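Visitor: Please pick one part of this model and look at it closely, pair by pair where possible. Then show how that part sits in the rest of the chain.

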Amino acid sequence: MFTDIINKLLNAQNVLFMTHRRPDGDALGSSMGLALFLRSNGIGAEVILPDDMPSRFRTLCPAYRKDITLAEAEKFDLFVAVDCANCERLGCGAELDIEYLRKHNFISIDHHKGNSLNAPVQWVEPTACSASFMVARLLLSSGRTIIPEAATLMLTGIMTDTGNFCFANTDAAAFQTAARLRSCGADTAKIANAIFFSKPLKQLRFEAELINTCFKMACDNRFAYCFVPEALMEKYDFNMAEDEGLIDLLRGIDTAVIAMLCHKRADGFRVSLRSKSERFPVGPTARELGGGGHDMAAGCTVDLPDFDAVEALLIDKISAVLKA
Ligand SMILES: [Mn+2]
């Protein structure tokens, strides 16, 4: 698989990379790391991101395109989706769709269980800590030089998807690959400052009020959760798309095994779930409710009339998980 994919990448003229909507560190790190690597090898490469990225990633990322027309798509001879498990989440712009991609030279590189993109070339490793980790090993195996900017991006993906090497998916290979990226010149201080030491003061104040006024626990204090009211987000000018780390506040509570964060969106209540123990995975619950993700980090959108209904449903589901 490695040789096949690396040959396809290095023999292409012009590659378009895409990833999941509302991109996170791994989505950005894997797509942009690949693009910078190919460009440094004289191959045309662009990334399409229809959604804005969280602002803290901006200093790490190169320019990208927000959309693409069918006519513009014709100049690409290879399409690559990274870190994206299904066509609903694929950020490929308004005119491209999965049928178009499947008829073209299309590769899917991903670490999500149950990837359903059905690309002609499909490389999925659910045990990999991140898509950036898969991409990094692929590029390291090519024997080509990895420029520091590409190494920094891929290390960003590994660090964010492993919770800075803290989550259960942090295996020895994650450390080994991170070490090799560091040897290529990955700028760990730049990543740390951009991602882990960059919280605006108003966000800390928002978090303090959120914990003081909205925080709840259930299931013998093993399920920690919070509904984030729109008024509070407005008061502190907080955008949920900006910080997926908010749920880590809840996960960080000593007795919590499973954490949930919920907010209202146009299409229903968005539910994010995290688990601290492999014995109690949240991925199956999210999938059962029409969402997806990993065993330890998953999410779904539920269409219910109010948060009370969401709360009752989730307490029911999570108490069953915690009893298993
Ligand atoms: Mn990922």
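**A strand pair and its surroundings**

Guide: M260 stands opposite L273 in β9. The model is predicted, and the description below starts from this pair and works outwards.

M260 also has a partner on another strand: the bridge partner of Y225 in β8 is M260. Further along, F227 stands opposite C262, again in β8. These two positions belong to the pairing of β7 (residues 223-227) with β8 (residues 258-265), which is parallel and runs over five bridges. With β9 (residues 268-275), β8 pairs in the antiparallel sense, over eight bridges. Two residues lie between β8 and β9, and the two strands form a hairpin. Strands of a sheet pair through backbone hydrogen bonds, either parallel or antiparallel. Both senses are found here around β8: parallel with β7, antiparallel with β9.

The sheet that contains these strands is open and has six of them, ordered β6-β7-β8-β9-β11-β10, with mixed pairing. Its edges are β6 (215-218) and β10 (292-293), each of which pairs on one side only.

Next, the packing. The largest nonpolar core has 62 residues, and V15, F17, V80, V82, V135, M154 and L155 have the most contacts inside it. Helix α2 (residues 25-40) supplies the largest share of that core, eight residues. V135 gives a sample of the packing: beyond its neighbours within four places in sequence, its contacts are S30, G33, L34, V82, I109 and M154. Apart from this core lies another, of 29 residues, and M260 is one of them, along with V257, V271 and V310. M260 therefore counts as buried, since a nonpolar core takes in buried residues alone. In soluble globular proteins, nonpolar side chains tend to be buried together.

The domain assignment divides the chain into domain 1 (2-195) and domain 2 (201-323). By those bounds, M260 and L273 fall in domain 2. The centres of the two domains, taken over C-alpha atoms, are 27 Å apart. Where the domains touch, 11 residues come from domain 1 and nine residues from domain 2. The domain 1 side of that contact has four nonpolar, four polar and three charged residues.

P54 is a convenient place to look at links across the chain. This proline lies in the loop between β2 (44-47) and α3 (70-73). P54 is partly exposed because 19 C-beta neighbours lie inside 10 Å, and a residue needs 20 or more to count as buried. Leaving aside neighbours within four places in sequence, P54 is in contact with A241, E242 and D243. By the domain bounds, P54 belongs to domain 1, and A241, E242 and D243 belong to domain 2. P54 and I195 are 141 residues apart along the chain, but their C-alpha atoms are separated by 10.0 Å.

Two backbone positions are worth checking for their phi angles. R22 is not a glycine, yet has a positive phi of about 45°; R22 sits in the loop between β1 (14-18) and α2. D83, also not a glycine, has a positive phi near 60° and is found in the loop between β3 (78-82) and α4 (98-103). Their surroundings are as follows: R22 is partly exposed, with 17 other C-beta atoms within 10 Å, whereas D83 counts as buried, with 29 C-beta neighbours inside 10 Å.

Last, the chain as a whole. There are 13 helices and 11 strands. Buried residues make up 41% of the 324 residues. Among contacts with a separation of 6 or more, 66% join residues 24 or more positions apart. The C-alpha trace spans about 55 × 40 × 40 Å along its principal axes. The radius of gyration is 20 Å, which agrees with the value near 20 Å for a compact globule with 324 residues.

How values were computed. Residues are numbered from 1 along each chain as its sequence is written. This is a predicted model: local features need pLDDT of at least 70, side-chain atom pairs count only at pLDDT 80 or more; totals for chains, interfaces and linings use all residues. Domain bounds come from an automatic or database domain assignment. Two residues are in contact if their C-beta atoms, placed from the backbone, lie within 7 Å. Ala, Val, Leu, Ile, Met, Phe, Trp, Tyr, Cys and Pro count as nonpolar, Asp, Glu, Lys and Arg as charged, and the others, Gly among them, as polar. A nonpolar core is a set of buried Ala, Val, Leu, Ile, Met, Phe, Trp, Tyr and Cys residues joined through C-beta atoms within 7 Å. A residue is buried if 20 or more other C-beta atoms lie within 10 Å of its own, exposed if 12 or fewer, and partly exposed in between; C-beta atoms are placed from the backbone. Helices (H or I, at least four residues) and strands (E, at least two) are DSSP runs, numbered from the N terminus. The radius of gyration is taken over C-alpha atoms; the globule rule is 2.2 Å times the number of residues to the power 0.38. Two strands pair if DSSP finds at least two bridges between them.
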